[in-house]
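Reader: Please take one helix of this protein and go through it closely, with the cut-offs stated. Begin with the overall layout, so that the part can be placed in the whole.

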Amino acid sequence: SSSSSSSSSSSSSSSSSCSGSSLSTSSSTSSSADDSGAVAPQTRRPYVTMSAGNFGCAFSFVTGQLGLPARVFMPLSVPRDRVELIESFGAFVSQCPTNELEANVRNYVSSEGAIYAHPFDDPRLIAGYGSIGLEILEDCAPPITSSLSCLSSSSSSSSSSSSPSSSSSSS
């Protein structure tokens, strides 16, 4: 893909230690963004996220399908095949140390006017995660009537009948 070949460029319009394609994205200044952050697909304003995998894949797939310019900042530790997959959907990838991801995203948003799609800390995203649980429950037959919760090891060991304290107190 064209983004794969451009991701080997070493030029950068931002001071960062990210490797990857040029951080500059040609974009128009016109935008049809509303207060919710939703932007009509005809805008050329770039989108950006940070991800080590799944969210970056989904993000690059959707932006690629809509023809939107996109960049994914990824940790240096990500396997090359994951970088190539994200690039194959049309997003540019910039890699940097994990502890520099957020700062590089902020710099990119500031310098390019990019729209940041946070990979996990967004109320709309969290609502989507919650709604899928409801959809699964609606589709289950027979209906799910109970759930299992995870307990910490200290909580679960206190209720165990095989613990030394419970066996000594019962004798």
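Author: The protein has seven helices and five strands, where helices (H or I, at least four residues) and strands (E, at least two) are DSSP runs numbered from the N terminus. This is a predicted model, in which local features need pLDDT of at least 70 and side-chain atom pairs count only at pLDDT 80 or more, while totals for chains, interfaces and linings use all residues. Residues are numbered from 1 along each chain as its sequence is written, and side-chain values use heavy atoms, with hydrogens and water left out.

Along the sequence the order of elements is α-β-β-α-β-α-β-α-β-α-α-α. Of the 171 residues, 30% are buried; buried means under 20% relative accessible area, exposed over 50%, and partly exposed in between (1.4 Å probe, protein chains only).

The part chosen is α4, which covers residues 101-112. Helix α4 has 12 residues and spans 16 Å from its first C-alpha to its last, close to the 16 Å expected at 1.5 Å a residue; the expected span is 1.5 Å times one less than the number of residues.

Its buried residues are Leu101, Asn104, Val105, Tyr108 and Glu112. These lie on the same side of α4, because they cover an arc of only 100° around the axis, the arc being that of the directions from the helix axis to the C-beta atoms. An α-helix has 3.6 residues a turn, so residues three or four places apart point the same way. On the other side of α4, Arg106 and Ser110 are exposed.

The buried residues of α4 pack against β2 (47-50), β3, β4 (92-96) and β5. Leu101 also belongs to a core of eight residues, among them Met50, Phe73 and Cys96. A nonpolar core is a set of buried Ala, Val, Leu, Ile, Met, Phe, Trp, Tyr and Cys residues joined through side-chain atoms within 4.5 Å.

After α4 comes glycine 113, with a positive phi near 70°. Strand β5 (residues 115-116) contains tyrosine 116, which counts as partly exposed because its relative accessibility is 31%. Leaving aside neighbours within four places in sequence, tyrosine 116 is in contact with Val48, Thr49, Met50, Val105 and Val109, contact meaning heavy atoms within 4.5 Å. The C-alpha atoms of tyrosine 116 and methionine 50 are separated by 9.0 Å, although the two are 66 residues apart along the chain.
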